[in-house]
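Visitor: Could you take me through one part of this protein in detail? I'm in my first year, so plain words would be great.

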Amino acid sequence: MILVVNAGSSSIKVELFTPALESVLSGSVTEIGGQGRLSVGGDKQDVSVADHTAALGLILEKLEAAGHPVSSLVAAGHRVVHGGDVFTGPARIRS
C-alpha cells in the first residue's frame, strides 16, 4: 500500500492506494489543536488533538483497525505546496 499525506496548518488528509494507484481508503483529522473530527473511511468521530503528531497517530490507528497496518506500506508521499523555484515537480525526500 502507498500512503499519501497532505498536512495543512490545522488538518491532515490521507489517501491509501494500492501499488497500481487505485484508491482504497481516505481519511482526515480537522481542527488540530482543539476539538476536531477524525474521519477514516465511513467512520467519523469527534476528537481532541493537540498537534499533528497526535492527529497522524489517530489516523494510523484507524488504518490498522481497518486492516492496513503501517507494516503494509511500501511507500509514503507528502504533498508540499511551496517548493519555490527549487522543487517544481515530484522529488524523493527519503528512500
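**A hairpin, and what lies around it**

Guide: Let's start with strand β4, residues 34-40, and strand β5, residues 43-49, which pair in the antiparallel sense over seven bridges. Keep in mind that this is a predicted model. To see the pairing for yourself, find Q35: its bridge partner in β5 is S48. Now follow the chain to the turn of this hairpin, where two residues sit between the strands. There, G41 takes a positive phi near 60°.

Positive phi values turn up in residues other than glycine, too. One is E31, with a phi near 55°, and you'll find E31 in the loop between β3 and β4. Another is L21, at about 65°, in the loop between β2 and β3. L21 counts as exposed because its relative accessibility is 60%, and the cut-off for exposed is over 50%.

That's worth setting beside a general trend: in soluble globular proteins, nonpolar side chains tend to be buried together. Here, the largest nonpolar core has 16 residues, and those touching the most other members are I12, V29, I59 and L63. Our two hairpin strands, β4 and β5, each supply at least two residues of this core, and so do β1 (2-7), β2 (12-17), β3 (23-30) and α1 (52-65).

Try zooming in on I12 to finish. Leaving aside neighbours within four places in sequence, I12 is in contact with a list of residues including V5, A7, V29, I32, A55, L56 and I59. N6, G27, S28 and H52 are also among the contacts of I12.

Conventions
Residues are numbered from 1 along each chain as its sequence is written. This is a predicted model: local features need pLDDT of at least 70, side-chain atom pairs count only at pLDDT 80 or more; totals for chains, interfaces and linings use all residues. Side-chain values use heavy atoms; hydrogens and water are left out. Two strands pair if DSSP finds at least two bridges between them. Helices (H or I, at least four residues) and strands (E, at least two) are DSSP runs, numbered from the N terminus. A nonpolar core is a set of buried Ala, Val, Leu, Ile, Met, Phe, Trp, Tyr and Cys residues joined through side-chain atoms within 4.5 Å. Buried means under 20% relative accessible area, exposed over 50%, partly exposed in between (1.4 Å probe, protein chains only). Contact means heavy atoms within 4.5 Å.
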